[in-house]
Amino acid sequence: MNLTILFSFLFVTVAAALVSIYVTRRKKQQQTPVGFYLGNRSLGFWMIGSSMFLTNMSANQFIGENEFVYTTNMSVMAWGMSSVLAMLVVSEFMMPMYLKIGAVTTPDFLAKRFDAQTQRIVSIIFLLGYFVNLIPSVLYGSAVAINGIFHIDQWLGISYFSAIQLLVLVVGVVGALYNVLGGLRAITITDVVQGIGMLIGGSMIVYFGFKYLGNGDLWQGVKTLTLAHKDHLNSIGGPRDVLPFGTIFTGMLLVNIYYWGMEQYIVQEALASKNLAESQKGISLAVVGKLFAPLLLNVPGLIAVHLYPGLDNTATAFPRLVSDILPPVFIGLVAAVVFGGALSTFNAGLNSTGTLFTMNLFKPFMERKGEKADERKLLRSGKMLQLSVTVLAILFSPYIMYFEGGFYNYLQKVSSFFSVPVFTIMVVGLLTKKVPAIAAKVGILFFVVVYTATQFLFDLKMHYLHVLAILFLVTTGIMLLIGRIRPLAQPFHLPRQAAVDIAPWKNRYLYYVILLAMMVGMFILFSPLGIAG
């Protein structure tokens with residue numbers, strides 16, 4: 001192993017950790033559930049934006065999206081670009097609602113709108129999603145990326161599977177210790193440092209990638225990329241593509257609004273803001289990151305199309321490119337960014353697991369038993385669950401490599417079972433006043449059962465994102481029908497229990513328009529009207 005790569009990797013990783021330790025020591029957070037899981041509601045927009053962006057930018061994204069571009073085309077970019085609209089919807093409509101009721105978790109709204117049982121059901125759905133999908137896939141994706149950069153299997157003379165097991169163990173242990181000892185504030189401070197490293201690393205990959213492709217000539221590399229294999233440059237997926245463009249306006253938009261506005265491990269950073277204005281600024285900052293994310297998530301896959309035709313293991317496209325084109329010092333930087341992204345997502349998932357379990361399940365259980373919900377006991381129970389989940393994920397995640405259809409397919413298929421059903425009842429709860437709690441329970445059960453049947457029992461010959469959109473409409477109709485037959489006796493009114501100032505960001509609309517224009521510009525650039533023409 002090149003010692004320069006290792007030193008660079010360790011330098012960036014340790015520097016991020018030291019900055020986090022220094023800042024958290026200066027401002028010690030309260031050892032209460034809210035203090036630990038929400039950083040005492042003290043986060044500014046830099047921390048919120050950096051943390052939301054880096055939590056989203058896990059190793060899964062680096063591996064999965066670049067693999068998709070390598071094997072198909074740029075249509076996978078639609079997930080990131082359409083999330084711009086979804087994030088601004090969340091900023092404008094959902095964050096004011098969450099902060100108005102003083103929410104600690106996103107299902108808190110469901111407890112007030114429907115009942116505590118609905119809140120517990122959704123909390124369990126979230127937790128199942130983290131156990132089965134989020135945490136194991138983050139560990140696996142980070143292990144694949146790090147092994148591809150450092151070649152741990154060759155260095156130690158072990159099998160590829162053994163190397164993945166070893167790296168999963170290392171990332172899992174480091175992440176769990178970081179989370180259990182530091183809490184949300186430590187995570188977000190590290191994310192700011194890692195976010196800066198990500199910008200530098202992404203720029204270096206593009207610069208050196210084009211030079212490598214052009215045999216030392218940057219502009220020749222750009223010409224090669226834009227004039228050959230033009231089918232890979234198109235982000236407007238056709239009806240027969242893996243990701244048709246029309247899905248943006250059906251299931252993809254629903255999934256994105258759910259992800260950025262209801263997924264606890266993402267929204268938790270925004271819930272920890274010092275006020276609504278900082279939350280909205282932070283989300284907008286994360287949007288800026290998403291607009292530049294293709295530099296790391298998609299462009300390396302395009303370059304790999306030209307450099308490595310016919311890869312046996314297409315998941316190695318990104319790490320192989322990084323190890324081939326970058327000088328050793330920058331390889332270490334990118335490795336640290338990938339490692340930091342994995343830790344960020346893993347820690348956010350673990351932190352949210354503790355929050356949901358402690359506040360929505362364990363605390364109500366203790367209160368029903370007539371016991372006092374001691375804050376130290378609550379924190380201890382949450383940390384024990386986090387450690388247990390880490391152990392199980394370390395054991396399970398290496399076997400994702402054997403999942404039929406590949407890693408990216410695994411992520412999309414599994415996550416859909418947990419996202420849109422929750423999104424549906426949240427939307428109906430927000431937009432109606434008299435739909436009762438029983439409608440939410442029926443809606444979740446109907447959606448999950450029917451969607452499972454369409455994916456495993458019979459084939460509708462329809463893209464799964466279109467299926468999600470149809471089920472969203474049908475489930476909404478069922479809930480509205482139940483609301484007409486058995487309406488609430490008294491219309492629901494959103495209570496005001498804000499813990500922070502909820503005055504909105506005054507200049508937000510100007511920035512929203514600029515960000516949306518940039519989103520449209522990215523689609524045009526990678527289309528037949530742009531460089532794919």
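Select Phe109 to begin. Phe109 is buried, at a relative accessible area of 1%; buried means under 20% relative accessible area, exposed over 50%, and partly exposed in between, with a 1.4 Å probe and protein chains only. Residues are numbered from 1 along each chain as its sequence is written, and the model is a predicted one, in which local features need pLDDT of at least 70 and side-chain atom pairs count only at pLDDT 80 or more, while totals for chains, interfaces and linings use all residues. Side-chain values use heavy atoms, with hydrogens and water left out.

**Aromatic pairs**

Next, show the rings of Phe, Tyr and Trp. Two such rings, with the six-membered one taken for Trp, form a pair if their centres lie within 6.5 Å; planes under 30 degrees apart count as stacked, over 60 as edge-to-face and the rest as tilted. By this rule there are 18 aromatic pairs.

Select Phe7 and Phe11. Their rings are stacked, 6.3 Å centre to centre with 25 degrees between the planes. Both residues belong to helix α1 (residues 3-26), four residues apart, about one turn of the helix. Helices here are DSSP runs of H or I with at least four residues, numbered from the N terminus. Phe7 and Phe11 are both exposed.

Now return to Phe109 and add Phe492. This pair is edge-to-face, with 6.4 Å centre to centre and 85 degrees between the planes. Phe109 sits in helix α6 (residues 108-113) and Phe492 in the loop between α21 (464-485) and α22 (508-525), so the pair ties together parts that are 383 residues apart in sequence. Phe492 is buried, with a relative accessible area of 10%.

For a group of rings, select Tyr130, Tyr259, Trp260 and Tyr265, which ring pairs link into a cluster.

**Helix α12**

Tyr265 leads to the next stop, as it is one of the buried residues of α12. Select residues 264-271: eight of the eight residues of helix α12 are buried, so the helix is largely enclosed by the rest of the structure. Besides Tyr265, the buried residues are Gln264, Ile266, Val267, Gln268, Glu269, Ala270 and Leu271.

**A contact from helix α1**

Go back to helix α1 and pick Phe9, which lies in that helix. Is Phe9 buried or exposed? Phe9 is buried, with a relative accessible area of 12%. Add Ala336 to the selection: the two residues are 327 apart in sequence, yet their C-alpha atoms are 5.1 Å apart in space.

**Salt bridges**

Switch to charged side chains. A salt bridge is a side-chain nitrogen of Lys or Arg within 4 Å of a carboxyl oxygen of Asp or Glu. The count by this rule is five salt bridges.

- Select Lys281 and Glu278. Their closest N and O atoms are 3.7 Å apart in a salt bridge. Both lie in helix α13 (residues 276-292), three residues apart, about one turn of the helix. Lys281 is partly exposed at 26% relative accessibility, while Glu278 is buried at 14%.
- Select Asp324 and Arg320. This salt bridge has its closest N and O atoms 3.7 Å apart. The two residues are in helix α16 (residues 317-325), four residues apart, about one turn of the helix. Asp324 is partly exposed at 34%, and Arg320 is partly exposed at 36%.
- Select Asp459 and Lys461. The closest N and O atoms of this salt bridge are 3.8 Å apart, and both residues are exposed.

**The second largest cavity**

On a 1 Å grid over the protein atoms alone, a cavity is a set of points where a 1.4 Å probe fits but cannot get out, and lining residues have an atom within 4 Å of a point. Grid points are joined across faces, edges and corners, and a volume is the space filled by probe spheres set on the points. The whole structure has two cavities of 30 Å³ or more.

To find the second largest, select Glu65, Met77, Gly80, Met81, Lys290, Ala293, Pro294, Leu297 and Asn298, which line it. The space inside is about 40 Å³. Which helices each supply at least two residues of this lining? They are α5 (77-100) and α14 (294-297), and α5 gives the largest share, three residues. The lining divides into five nonpolar, two polar and two charged residues. In this grouping Ala, Val, Leu, Ile, Met, Phe, Trp, Tyr, Cys and Pro are nonpolar, Asp, Glu, Lys and Arg are charged, and the others, Gly among them, are polar.

**Confidence**

Finally, colour by pLDDT, the predictor's confidence in each residue, from 0 to 100. The mean for the protein is 85, and 90% of its residues reach 70 or more. Among the elements, helix α2 (residues 33-38) has the lowest mean pLDDT, 55, and α22 the highest, 96.

Definitions and conventions: 1 Å grid on protein atoms, 1.4 Å probe; cavity = no way out; pocket = protein on both sides within 12 Å on 5 of 7 lines; lining within 4 Å.
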